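Let's take a walk through this fold, starting with its sheet and ending at a couple of its loops. Keep the viewer open as you read.

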Amino acid sequence: MATWKSRGLRGSTFEELINRTNEIYENSNLCLIQKVPTPITPIRMDEESRHITLAYFDKKSTVDYIGVVQGIPVCFDAKECNTDTFPLQNVHQHQISFMEKFEQQQGIAFLLIHYTKRDTYYYLRFKELASFWNRAQNGGRKSFRIEELQEAYFFGAKPGVLVPYLDMIQADLSERDT
């Protein structure tokens with residue numbers, strides 16, 4: 001049996017679950033969230049199948065998803081983690097900058113993290129992410145441990161919704177209002 005050597009499809013299962021969730025949400029008129037395509041420039045194409053066989057990234061992408069929930073702009077990135085420690089190297093400076101500017105424009109920015117060993121999800125609010133990021137930039141840990149996260153923002157699948165992140169957005173909004 002051949003082994004898969006590429007790291008390029010990490011998270012694709014999680015993203016597929018989010019895509020299905022977004023379809024359910026859209027069909028229920030709860031929100032409109034789109035997957036942001038990664039801009040690429042094709043180098044080589046298979047003439048017969050017309051598939052791209054070699055390409056490079058045009059520029060750094062921002063986040064994985066962007067859209068609107070009941071009139072509120074949202075953007076988020078999907079990450080997978082197979083341990084209890086999330087390395088901040090999985091988030092890039094340009095993403096932090098984009099999310100910060102997005103929040104300054106009254107949007108909501110966050111990460112959805114799938115802790116695969118525990119099969120649980122975490123809604124990492126931007127202010128929490130920024131706190132971990134700033135700690136790392138100031139010489140502190142370059143990661144955060146699951147124990148550092150707020151219990152209220154862990155969640156799992158529920159009937160009819162694979163990754164029910166709208167519940168977490170509601171909790172986030174309620175906390176912002178206080």
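Helices (H or I, at least four residues) and strands (E, at least two) are taken here as DSSP runs, numbered from the N terminus. With that in hand, you can place Gly156, which sits in the loop between β10 and α4 (165-177). A word on ground rules: this is a predicted model, where local features need pLDDT of at least 70 and side-chain atom pairs count only at pLDDT 80 or more, while totals for chains, interfaces and linings use all residues. Residues are numbered from 1 along each chain as its sequence is written, and side-chain values use heavy atoms, with hydrogens and water left out.

Back to Gly156. Its relative accessible area is 36%, so Gly156 is partly exposed (buried is under 20%, exposed over 50%, partly exposed in between, using a 1.4 Å probe and protein chains only). Setting aside residues up to four places away in sequence, Gly156 touches Tyr121 and Pro164, where contact means heavy atoms within 4.5 Å. Gly156 and Tyr121 are 35 residues apart along the chain, yet their C-alpha atoms are separated by 5.8 Å.

Now for the sheet. It is an open one made of six strands, in the order β1-β4-β5-β7-β8-β10, with mixed pairing; two strands pair if DSSP finds at least two bridges between them. At the edges stand β1 (31-35) and β10 (154-155), each with a single partner strand, so one side of each has no neighbour in the sheet. Further in, β4 (residues 65-69) and β5 (residues 72-81) run antiparallel and are joined by five bridges. To find one of them, look at Val68, whose bridge partner in β5 is Pro73.

What lies across β4, β5 and β7 (108-115)? That's helix α2 (residues 93-104), running at about 150° to β5. Helix α3 (residues 126-137) also packs on the sheet, touching β7 and β8 (120-125), and its direction makes about 80° with that of β8. For these angles, axes are lines fitted to C-alpha atoms, for helices over the stretch in contact, and the values run from 0 to 180 degrees between N-to-C directions.

Next, the inside. A nonpolar core here is a set of buried Ala, Val, Leu, Ile, Met, Phe, Trp, Tyr and Cys residues joined through side-chain atoms within 4.5 Å. The largest such core has 48 residues, and Leu112, Tyr115 and Tyr165 touch the most other members. Strand β7 gives the most to this core, with seven residues. Try clicking on Tyr115: beyond its neighbours within four places in sequence, its contacts include Cys81, Phe86, Tyr122, Phe144, Ile146 and Phe154.

How are aromatic rings compared? A pair is described by the distance of the centres and the angle of the planes. Here, rings of Phe, Tyr and Trp (its six-membered ring) pair if their centres lie within 6.5 Å, with planes under 30 degrees apart counted as stacked, over 60 as edge-to-face and the rest as tilted. The count by this rule comes to 14 aromatic pairs. Take Tyr65 and Phe76: their ring centres are 4.9 Å apart and their planes are at 20°, so this pair is stacked. It links distant parts of the chain, with Tyr65 in strand β4 and Phe76 in strand β5, 11 residues apart. Both Tyr65 and Phe76 are buried. Tyr115 and Phe154 make a tilted pair, 6.5 Å centre to centre with 45° between the planes. Here too distant parts of the chain are linked, Tyr115 being in strand β7 and Phe154 in strand β10, 39 residues apart. Tyr65 and Phe76 turn up again in one aromatic cluster together with Tyr25, Phe110, Tyr123, Tyr153 and Tyr165.

Tyr165 also leads to helix α1 (residues 12-27), where Asn22 lies. The side chains of Asn22 and Tyr165 are joined by a polar contact of 2.4 Å. Such a contact is a pair of N or O atoms within 3.5 Å; within protein, one must be able to donate a hydrogen and the other to accept it, and residues adjacent in sequence count only if both atoms are side-chain atoms. Asn22 counts as buried, at 4% relative accessibility.

Finally, the loops. Asn29, in the loop between α1 and β1, has a positive phi, near 60°, in a residue other than glycine. Asn29 is exposed, with a relative accessible area of 66%. Gln106, in the loop between α2 and β7, has a positive phi near 70°, and is exposed at 64%.
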